[in-house]
Amino acid sequence: MKKRPKQRAPIKVILPLDGRPDGLPAESVFSEETHDDISMIGEVFRKLTHLGAISIPLGFYFFGNIILYFLAGTLLVSVIADLIRLFGGAKSKSFISKYLGIMIRPRENKNFTGATYILASSFVTILLFDKPIAVMAIAFIVVGDTAGAII
């Protein structure tokens with residue numbers, strides 16, 4: 001009878017994931033613990049908005065540079081909403097918070113939202129790169145960001 005070699009315990013690598021100081025992965029979105037983040041319904045709306053952003057590369061693929069006008073208008077609205085939210089008066093801040101507050105993460109309270117960044121980066125990507133590269137790059141970030149948050 002042959003002796004089996006001893007099995008070693010797997011090496012555990014701890015990475016600082018999701019900003020947690022203990023290096024453990026983030027809790028599931030179904031966890032009752034929220035870590036002072038947004039609610040589950042806010043997260044669902046956020047992810048649906050992210051998936052809606054797939055219209056940017058699809059629009060560029062099918063309609064070409066005309067999408068830049070739509071993107072510029074949407075970016076302008078997003079920047080104005082963020083500026084009002086950050087620097088506006090009490091009434092204007094409460095108006096923006098009433099409609100967008102459920103989706104805004106606490107760390108975005110003093111900065112632009114992720115939507116503004118994705119719109120701006122999509123606009124610049126379309127301007128700087130050839131169509132196939134721009135379409136794939138924007139599609140990867142939209143789908144990858146959503147999938148990363150879900151998984």
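1. A residue is called buried here when its relative accessible area is under 20%, exposed when that value is over 50%, and partly exposed in between. With that meaning in hand, the reader can take up the predicted model, in which 26% of the 151 residues of the protein chain count as buried.

2. As to the overall fold, the protein chain has 6 helices and 0 strands, and, when one reads along the sequence, the pattern is α-α-α-α-α-α. Among the contacts that link residues at least 6 apart in sequence, 64% join residues at least 24 apart. The accessible surface of the chain amounts to about 11400 Å², and carbon and sulfur atoms account for 67% of that area.

3. Helix 3, which covers residues 67-87, contains Arg 85, and this residue deserves some attention. Is Arg 85 buried or exposed? Its relative accessibility is 9%, and because the cut-off for buried is under 20%, Arg 85 counts as buried.

4. What does the side chain of Arg 85 reach? One polar contact, at 3.1 Å, is made with the side chain of Asp 82, while the backbone oxygen of Asn 111 is reached by the side chain of Arg 85 at 2.7 Å. Asn 111 also appears among the residues in contact with Arg 85 once neighbours within four places in sequence are left aside, and that list further includes Lys 93, Ile 96, Ile 104, Glu 108, Asn 109, Phe 112 and Thr 113.

5. Ile 84, the next residue to consider, is likewise found in helix 3. Its relative accessibility is 30%, and because this value falls between the cut-offs of 20% and 50%, Ile 84 counts as partly exposed. With neighbours within four places in sequence set aside, Ile 84 is in contact with Ser 92, Lys 93 and Ile 96; of these, Lys 93 and Ile 96 are also listed as contacts of Arg 85. For Ser 94, the separation from Ile 84 is 10 residues in sequence and 9.8 Å in space, taken from C-alpha to C-alpha.

6. A further point concerns the surface, where Met 40, Ile 41, Val 44, Phe 45, Leu 48 and Ile 102 make a nonpolar patch of about 520 Å². One of these residues, Met 40, lies in helix 1, which spans residues 40-52. Met 40 has a relative accessible area of 38%, and, because that figure is neither under 20% nor over 50%, Met 40 is partly exposed.

Technical notes. Residues are numbered from 1 along each chain as its sequence is written. This is a predicted model: local features need pLDDT of at least 70, side-chain atom pairs count only at pLDDT 80 or more; totals for chains, interfaces and linings use all residues. Side-chain values use heavy atoms; hydrogens and water are left out. Helices (H or I, at least four residues) and strands (E, at least two) are DSSP runs, numbered from the N terminus. Buried means under 20% relative accessible area, exposed over 50%, partly exposed in between (1.4 Å probe, protein chains only). A polar contact is a pair of N or O atoms within 3.5 Å; within protein, one must be able to donate a hydrogen and the other to accept it, and residues adjacent in sequence count only if both atoms are side-chain atoms. Contact means heavy atoms within 4.5 Å. Patches are made of residues with over 30% relative accessible area and no salt bridge: like charges are joined within 9 Å, nonpolar side chains (Val, Leu, Ile, Met, Phe, Trp, Tyr) within 5 Å. Accessible areas come from the Shrake-Rupley method with a 1.4 Å probe; for residues, only the protein chains shown count as cover. A salt bridge is a side-chain nitrogen of Lys or Arg within 4 Å of a carboxyl oxygen of Asp or Glu.
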